[in-house]
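Please look over the model below before reading on. The text then walks through its pockets, its surface and its charged pairs.

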Amino acid sequence: MTVSRLDDPGKSNLTLIEGFLTFCKQNPDNDWDFVLVGAYSEEFLSDIRNITDKYAGFADRIILIGAVYDRMELAKLYEESALFLFASLSESFGFVYLEALSNKCFIISTPLNPCKEITDNWKYAAVFNYQNPDDLAVKIKETIGKDDLEKLTEEGAEYVYSKYYWPIIIDKLNNKLLKL
């Protein structure tokens, strides 16, 4: 799955789609789908059709959800996913990484500093080259082939909880302020 403004060129979601479809074509026995969450334009739909036309038989694996504003519905989509794909050129902090990892999604991303930090120096993520769908296809195959993938995603969720959960952060801050 991915979550973003889908037609934003800086998010490079077309690379994600092509990389996923390349993975599907190279591994035709897989049954994975790619869920895209976020607002998009009619032009983006046309761009997707141009890509899916090159991957006969796999177009139905691309599932456009559209914008999701209900946090519980979004959390459910994350929970139903095993991987979170992200191809942004730049990102300020990257709340989507926190959302994905806290819901036990292993992250496959471009090499952005927020992802490196949030995934404990890539422990819970794999990196692919920006705008390189072939590299993404390789990373998807390598990731789903990990024997310890479920364990890693559980550890990743615990890591995010311990480092970024607001009540824990506030408690630490409060304790430091009380010592002043």
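What follows is a short tour of this structure, from open space to single residues.

Keep in mind that the model is predicted. Start with the empty space. Rolling a probe the size of a water molecule over the atoms shows where such space is left. The largest pocket here has a volume of about 330 Å³. Its lining includes F93, F95, L98, E99 and S102. A157, V160, Y161, Y164 and Y165 are also among the lining residues, as are W166 and I169. Which elements give two or more residues to this lining? They are helix 4 (95-102), helix 7 (149-164) and helix 8 (166-178). Sorted by class, the lining of the largest pocket holds 10 nonpolar residues, one polar residue and one charged residue. Glu counts as charged and Ser falls among the polar residues. The charged member is therefore E99, and the polar one is S102.

Now turn to the second largest pocket. About 210 Å³ of space lies there. Its lining has 13 residues, and the closest to the pocket centre are M1, W32, D33, S81 and A82. Here strands supply the lining: strand 2 (34-37) and strand 4 (83-86) are the elements that give two or more residues. By class, this lining divides into 10 nonpolar, one polar and two charged residues.

Go back to W166, one of the residues that line the largest pocket. W166 sits in helix 8. Is this side chain's residue buried or exposed? W166 counts as exposed, because its relative accessibility is 60% and the cut-off for exposed is over 50%. W166 also belongs to a nonpolar surface patch. I170, L173, L177 and L180 make up the rest of that patch, which covers about 620 Å². So W166 has a part in two features: it lines the largest pocket, and it helps to make the nonpolar patch.

Next comes the loop between helix 5 (113-118) and strand 6 (125-127), where T119 is found. T119 has 0% relative accessibility, so it counts as buried. The C-alpha atoms of T119 and E155 are separated by 10 Å, with their positions 36 residues apart along the chain. N121 lies in this loop between helix 5 and strand 6 too. What sets its backbone apart? N121 has a positive phi of about 60°, although it is not a glycine. Most residues other than glycine have a negative phi. N121 counts as exposed because its relative accessibility is 54%. Buried T119 and exposed N121 thus share one loop.

A second positive phi turns up at Q131, again in a residue other than glycine. The value is near 60°. Q131 lies in the loop between strand 6 and helix 6 (133-144).

Now for the charged pairs. Side chains of opposite charge can pair when their charged atoms come close. How many salt bridges does the model have? The count comes to seven. One of them joins the side chains of R5 and D7, at 2.5 Å from N to O. R5 counts as partly exposed because its relative accessibility is 43%. D7 is partly exposed as well, with a relative accessible area of 22%.

Another salt bridge joins E142 and K139, at 4.0 Å from N to O. Why can these two be separated by about one helical turn? They are three residues apart in helix 6, which means a separation of about one turn. E142 is partly exposed, with a relative accessible area of 45%.

Helix 7 holds a further pair. E155 forms a salt bridge with K151, and their closest N and O atoms are 3.1 Å apart. The two are four residues apart in helix 7, so about one helical turn separates them. E155 counts as partly exposed at 23% relative accessibility, whereas K151 counts as exposed at 52%. E155 is also the residue whose C-alpha atom is 10 Å from that of T119.

Finish in helix 2 (residues 42-52), where D47 lies. D47 is partly exposed because its relative accessible area is 25%, between the buried and exposed limits of 20% and 50%. Its C-alpha atom and that of L14 are separated by 7.7 Å, though D47 and L14 are 33 residues apart along the chain.

Terms used: Residues numbered from 1 in each chain as written. Predicted model: local features only at pLDDT ≥ 70, side-chain atom pairs only at ≥ 80, totals over all residues. Heavy atoms only, no water. 1 Å grid on protein atoms, 1.4 Å probe; cavity = no way out; pocket = protein on both sides within 12 Å on 5 of 7 lines; lining within 4 Å. Points joined across faces, edges and corners; volume = space filled by probe spheres on them. Patch = residues over 30% accessible without salt bridge, like charges linked within 9 Å, V, L, I, M, F, W, Y side chains within 5 Å. Areas by Shrake-Rupley, 256 points an atom, 1.4 Å probe, with all protein chains shown as cover. Buried < 20%, exposed > 50% of the residue type's maximum accessible area, 1.4 Å probe, protein only.
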